[in-house]
Each structure stands twice: as structure tokens, then as C-alpha cells.
Amino acid sequence: MMQRFALFTGSCQSIPAIQYLHHYSKLAVVVLVDAEPSPDLAQLQYWLQQSGIPTISYSQHDDTSLIAKLDELAVNRGLVYMFRHKFRSKLIQYFNGYLMNIHPSPLPEYRGPYPLYWQLRNGEEATKITLHQVSESIDCGDIATQTDVLIHPFDTMNCLQQKVSQALPQLVDTLCRLDEQQALNWRKQTEQAEKTAPAVEPQLFVVNWYKQTAKQVVDMARAGNVDSGCAIFAVGQDQFQLLQASKVDCQLSGIQPGTVLEQDRHRGLIIKTIDGAVRLDVIGTQQGLFDGYRFATLFGLEAGMTLSGR
């Protein structure tokens with residue numbers, strides 16, 4: 001049977017997968033999210049239009065019209081990446097086991113809507129992109145194949161999203177080859193997982209100097225670098241974004257976590273943590289982005305002062 005894919009997405013991050021399927025004449029249509037306009041979605045729509053790729057707008061309320069269009073296009077495979085909607089049983093059944101989601105984690109670990117954020121924040125050194133069947137239980141369907149992706153210590157969310165995006169053609173190629181050879185070997189996921197990837201409550205973005213190690217602060221900053229989930233630290237009643245930090249060796253004991261150890265032109269702004277210290281490298285304020293030394297100078301931080309954050 002000829003593979004005729006509908007790719008469900010709402011992000012330019014899916015373009016490499018779309019290009020692969022389109023190049024090999026396997027793409028029937030792209031189904032776009034039902035969502036408020038965003039620069040990412042608008043850019044994707046423009047690119048699809050310029051590339052002459054047909055699209056269908058998804059409806060959150062009814063699948064009847066969508067299924068009729070998919071049937072008309074002889075679609076028999078569905079691929080989902082960064083789509084945001086939960087699929088209803090009628091649409092899942094239409095694909096007869098061949099509606100497949102791409103989830104950027106080694107499932108069953110990091111099930112949930114923010115897998116890359118939590119893997120960065122937890123300091124993971126590698127991940128997998130998992131292709132699994134869509135089921136009514138989110139991220140729980142049987143797994144077809146996985147592709148490895150290394151995580152560099154300096155990777156931010158945008159870096160890692162780009163790495164995953166660039167690895168999609170390899171994943172889709174493996175799927176298509178196994179499918180053509182009738183060699184797809186679906187394996188069930190275990191129900192339990194040690195780590196999850198839930199939505200993040202606002203208070204979890206705030207640095208807690210009394211609980212977090214230096215590495216945890218560093219990983220928290222890079223996970224939220226230039227993203228809506230920036231790490232936040234407080235100076236008095238004011239809050240600032242911590243976009244980049246570095247771990248610093250520190251043998252001092254008996255000093256309260258959150259204390260400013262140094263404010264130096266060359267060594268920067270160094271803060272005590274429960275297990276050592278961190279240098280605050282890049283800080284976001286309403287006035288702009290600053291390195292630690294400039295931030296400390298402008299906002300009056302001196303050695304011995306203690307930041308808020310319990």
C-alpha cells in the first residue's frame with residue numbers, strides 16, 4: 001500500500017519532517033492547529049503556501065469534516081509533532097493504528113507537555129525522539145522506533161528544539177522503511193516512569209537558594225533561556241530573569257545561601273549556593289540584558305548582601 005501521510009503540526013519545527021515526506025511523494029496534506037495566530041504558526045503557513053503544500057485547518061469541535069477530507073485525499077498514515085490538541089477516538093480509529101506522535105523524550109520517561117524543558121532542567125546529557133501510536137491516554141501508546149539526540153552542556157531550549165527538528169528526517173525515514181517492509185515492531189510502554197514533564201507552575205521558576213545546588217541553578221537558567229519559562233531571582237521586592245549562569249568552585253562554609261560573595265569586573269557576580277557558588281552570567285531586566293558585574297553595579301549589589309529566595 002502506498003503511504004499517504006497527513007502531518008499534524010503547528011510549528012516550523014516540523015518543517016524537516018514535512019520536507020522529507022514531500023520529497024519522497026508521501027505527503028498528502030498538513031493539518032494545522034486550531035490556535036491563536038503566532039509568529040511561528042504564521043511563518044509555517046507562509047512556508048507551506050510558498051512550497052505549494054496543501055493544508056487543512058483542524059477543528060477542536062468536530063472531526064467529521066476532517067475525516068471526510070482525509071478520506072478524499074486517500075490518507076492512510078498520520079504523523080503528529082507539536083500539535084497541542086488531544087485526539088478524539090473517532091479520528092484515532094480512522095487511522096487504524098497508524099496515527100503516530102513524535103515525542104522528544106525516551107518514553108515512558110518525561111511524559112507530558114514540556115519534555116525538553118524538564119530534561120534540560122534535570123541536567124540530562126542525552127535524549128531520544130520517540131515515535132509512538134496515538135492513544136486516548138496521552139504519550140502512552142505503543143512505541144515504533146526511537147532516535148538518539150545528544151544534549152550539550154551549553155544547550156538551551158532553542159538549541160535542543162533545533163537538534164530534535166534536524167533529527168526528524170532520520171526518524172521518519174526509519175518509520176517509512178520499516179512500514180514498507182511490514183517490519184514495524186510495536187512495543188508497549190511501561191505505565192510507571194521516574195520522571196515526568198508537566199506544565200510548570202509560576203513558583204517553580206523562582207530560584208530557591210536554600211534548596212537548589214549550583215548545578216540545579218545553572219540547568220534551570222539554561223532550560224528557560226529566552227523562553228517564557230525564564231528562571232527568576234529576587235533582589236528585595238524586584239524580580240529579574242537569570243538567562244545564563246556558571247558553576248564556581250567555592251569551599252567557604254557557614255555562609256547563608258543567596259549571599260553575594262563577589263562583585264568583580266573580571267570574576268563577575270558570584271552568589272553562594274547550598275553546595276558551592278554560581279556566577280550569574282546573563283541577567284534580564286526591564287532595562288535590558290546585562291552581565292553580572294554590570295547588573296550588580298547598576299542595581300547596587302555588594303559583597304555580603306543576601307538575595308531573596310527561600
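A salt bridge here is a side-chain nitrogen of Lys or Arg within 4 Å of a carboxyl oxygen of Asp or Glu. With that in hand, welcome to the views below. The model is predicted, so local features need pLDDT of at least 70, side-chain atom pairs count only at pLDDT 80 or more, and totals for chains, interfaces and linings use all residues. Residues are numbered from 1 along each chain as its sequence is written, and side-chain values use heavy atoms, with hydrogens and water left out.

**View 1. A salt-bridge network involves helix α7.** Asp219 and Arg222 form a salt bridge whose closest N and O atoms are 3.2 Å apart. The two residues are 3 apart in helix α7, which means that about one helical turn separates them. Helices (H or I, at least four residues) and strands (E, at least two) are DSSP runs, numbered from the N terminus. Asp219 is buried at 6% relative accessible area, and Arg222 is buried too, at 9%. For these labels, buried means under 20% relative accessible area, exposed over 50%, and partly exposed in between (1.4 Å probe, protein chains only). Lys215 joins Asp219 and Arg222 in a network of salt bridges.

**View 2. Lys188 and Asp142 bridge distant parts of the chain.** Their closest N and O atoms lie 3.7 Å apart. Lys188 sits in the loop between α6 and α7 (214-223), while Asp142 belongs to the loop between β6 (126-133) and β7, and 46 residues separate the pair along the chain. Lys188 counts as exposed at 68% relative accessibility, whereas Asp142 is buried at 18%.

**View 3. Asp155 meets Lys163 in a salt bridge.** The closest N and O atoms of this pair are 2.7 Å apart. Asp155 is buried, with 7% relative accessibility, and Lys163 is partly exposed, with 27%. If you would like to look for further pairs, a search of the whole structure finds 13 salt bridges.

**View 4. Seven strands make an open sheet with mixed pairing.** Reading across, the order is β3-β2-β1-β4-β5-β6-β7. At the edges are β3 (55-57) and β7 (143-150), each of which pairs on one side only. Two strands pair if DSSP finds at least two bridges between them. Neighbouring strands of this sheet are turned by 20° against each other on average, direction ignored. Within the sheet, β1 (residues 5-9) and β4 (residues 77-81) run parallel and are joined by 5 bridges. Look for Phe8, which stands opposite Val80 in β4. Helix α2 (residues 39-51) packs on the sheet, touching β1, β2 (27-32) and β3, and its direction makes about 155° with that of β2. Axes are lines fitted to C-alpha atoms, for helices over the stretch in contact, and angles run from 0 to 180 degrees between N-to-C directions.

**View 5. The largest nonpolar core has 64 residues.** A nonpolar core is a set of buried Ala, Val, Leu, Ile, Met, Phe, Trp, Tyr and Cys residues joined through side-chain atoms within 4.5 Å. Phe8, Leu21, Leu70, Leu79, Phe87 and Leu91 touch the most other members. Helix α6 (residues 157-180) gives the most to this core, with 9 residues. A second, separate core of 24 residues includes Phe233, Val235, Leu280 and Leu301.

**View 6. Leu70 and its contacts.** Contact means heavy atoms within 4.5 Å. Leaving aside neighbours within four places in sequence, Leu70 is in contact with Ala6, Phe8, Val29, Ile56, Val75, Leu91, Tyr94 and Phe95. Two of these names, Phe8 and Leu91, also appear among the core members that touch the most others.

**View 7. Pro115 lies in helix α5 (residues 115-121).** Pro115 counts as buried, at 7% relative accessibility. Apart from neighbours within four places in sequence, Pro115 is in contact with His103, Pro104, Ser105, Tyr110 and Ala197. For a sense of scale, the C-alpha atoms of Pro115 and Asp264 are separated by 37 Å, and the two residues are 149 apart along the chain.

**Setting for the views.** The protein chain has 8 helices and 13 strands, and 51% of its 310 residues count as buried. Along its principal axes, the C-alpha trace spans about 70 × 40 × 30 Å. Of the contacts in the chain with a separation of 6 or more, 66% come from residues 24 or more positions apart.
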